[in-house]
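Here is a short exchange about how certain structural terms come to be applied to a model. Each answer sets a value beside the criterion that it has to meet.

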Amino acid sequence: MLVLGIESSCDECSLALVEDGRVCIAMQTYSQTAEHARYAGVVPELASRLHLQYISRMFRALLEQAGVKREEIYGIAVTAHPGLSGSLMVGMSFAKALSVSLGVPFVAVDHMQAHFYAANISLPNEQSAASSNSRKKNAPLYPTIGMVASGGHTIIALVRGYNDIDIKGTTIDDACGEVFDKVAREIGFGYPGGAALDAAAQNGDDRAFNFPVYSEGYNFSYSGLKTAVIHHRKKYQNDGFEDTRENVAASFSKAAVGMIESRVRRLAAESGVGRVCFGGGVACNSYLRAAFAGGAIEAIFPHPDLCSDNGAMIAGLGYEYLSRGFYSPLDAPVNARSAQYRRRPSSKSS
Ligand code: KG4
Ligand code: ZN
């Protein structure tokens, strides 16, 4: 069953075709990062306009890449929330128009739920995610701990099914990726600098600084770490180490990833679930991947193209709904927020 996924919640316009919710046979992603870089952040109206400009031609390019005809598409899945309203409306309107013109059902899905689903999907010829493990290929990865860290969210959950996500902790202030970007900008890696900071960290020494790490419950707090790195780092510098940006990058990465690692390990111990599926742009991070390499907890990292915002995770999740007969009506709305992923007060930290 071939499902088209459409993702346009922020500054990535991404369309993908996924077979039976597991294998992405083609994907076209246009990242607007370069367009927003001069403003050092995503400009919502510009994002909507660029989605509108690119989405039709990307659909044509996708069909060409896949070598399939539009009549072969069984159904369409589209991101409805959370995200930038104008950007969401472009993808949603395109999905509805296509659904009517092709005479196929469509389903509106949640972007965060799709990030939790991404580990189920692999790219053609890819030995990763579900297929890299000893379990039967295509078997669902449940139950699992789900850990999604992106530019807008940091969420740890117990995931028992594609739509059964029991959230244990979220960020109480800045999101993990957001802080990677802010620290990266401060130490000179431009915007968005998470990946560049990660690369520089490989040449640094993470013993150079002992940055503070928030350790309460399952919720995350990154603002203290951000302030320490940006404004007070001399206070945390160890003797014999230089204040180079590589050393800052390495020490910061260790602290930021440490906050994730300790919560995943605690939840694994408390729940008895020995598997974790990562998602979101920060799941590309080398420190995070190294922290779980070859350990007792089975760690599943999607391909980097499936970690950051992508149409394949939308199509995969959409397949789960469409194949069970769940469709959305043509007046389905978009929402800037998803109630369940709002930042929670720190008193509810576990
Ligand atoms: O999931 P995503 O593509 O978009 C959102 O929904 O936010 O995540 C983007 C975030 C950015 O903050 C980016 O700097 C961060 O993921 N990121 C990384 C790495 N690659 C991307 N952070 C740390 N290490 C990386 N290698
Ligand atoms: Zn995302």
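The questions below concern a predicted model, and they turn to its strands, its loops and its ligand.

Q: What makes S9 and S10 count as paired strands, and in which sense do they run?
A: Two strands pair if at least two bridges are found between them. Strand S9, residues 275–279, and S10 share three bridges in the parallel sense, so the criterion of at least two bridges is met. One of the bridge partners can be named, since Val276 is matched with Ala299 in S10.

Q: Why are S8 and S10 called edge strands?
A: The open sheet has five strands in the order S8-S7-S6-S9-S10, with mixed pairing. Strand S8 (164–170) and strand S10 (298–300) each pair on one side only, and that is what the name edge strand refers to here. From one strand to the next, the twist averages 25°.

Q: How do you know that S2 and S3 are paired, and what is particular about Asp20 in their hairpin?
A: Strand S2 (residues 12–19) and strand S3 (residues 23–31) run antiparallel and are joined by eight bridges, so they satisfy the requirement of at least two. Leu15, for instance, has Gln28 in S3 as its bridge partner. Three residues lie between the strands of this hairpin, and Asp20, placed in the loop between S2 and S3, has phi near 50°, a positive value in a residue other than glycine.

Q: Which peptide bonds are cis, among them those leading to Pro143 and Pro192, and what are their omega values?
A: The bond from Tyr142 to Pro143 is cis, with omega near -5°, and Pro143 is found in the loop between H4 and strand S6 (144–149). The bond from Tyr191 to Pro192 is also cis, with omega near -20°, and Pro192 is found in the loop between H5 and H6.

Q: What makes the approach of Gly177, Gly194 and Asp309 to ligand 1 a polar contact in each case?
A: A polar contact is a pair of N or O atoms within 3.5 Å. An oxygen atom of ligand 1 is 3.0 Å from a polar backbone atom of Gly177, another such distance is 3.4 Å, to a polar backbone atom of Gly194, and a polar side-chain atom of Asp309 lies 3.1 Å from an oxygen atom of the ligand; each pair therefore falls within the 3.5 Å cut-off.

Q: How much of ligand 1 is buried, and what space does it take?
A: Taken alone, ligand 1 exposes 560 Å², and the protein buries 84% of that. The space that ligand 1 takes is the largest pocket.

How values were computed. Residues numbered from 1 in each chain as written. Chains lettered and ligands numbered in written order. Predicted model: local features only at pLDDT ≥ 70, side-chain atom pairs only at ≥ 80, totals over all residues. Heavy atoms only, no water. Helix = DSSP H or I, 4+ residues; strand = E, 2+ residues; numbered from the N terminus. Axes fitted to C-alpha atoms, helices over the stretch in contact; angles between N-to-C directions. Polar contact = N/O pair within 3.5 Å; in protein donor to acceptor, adjacent residues only side chain to side chain. Areas by Shrake-Rupley, 256 points an atom, 1.4 Å probe, with all protein chains shown as cover. 1 Å grid on protein atoms, 1.4 Å probe; cavity = no way out; pocket = protein on both sides within 12 Å on 5 of 7 lines; lining within 4 Å. Sits in = over half its atoms within 2 Å of the grid points.
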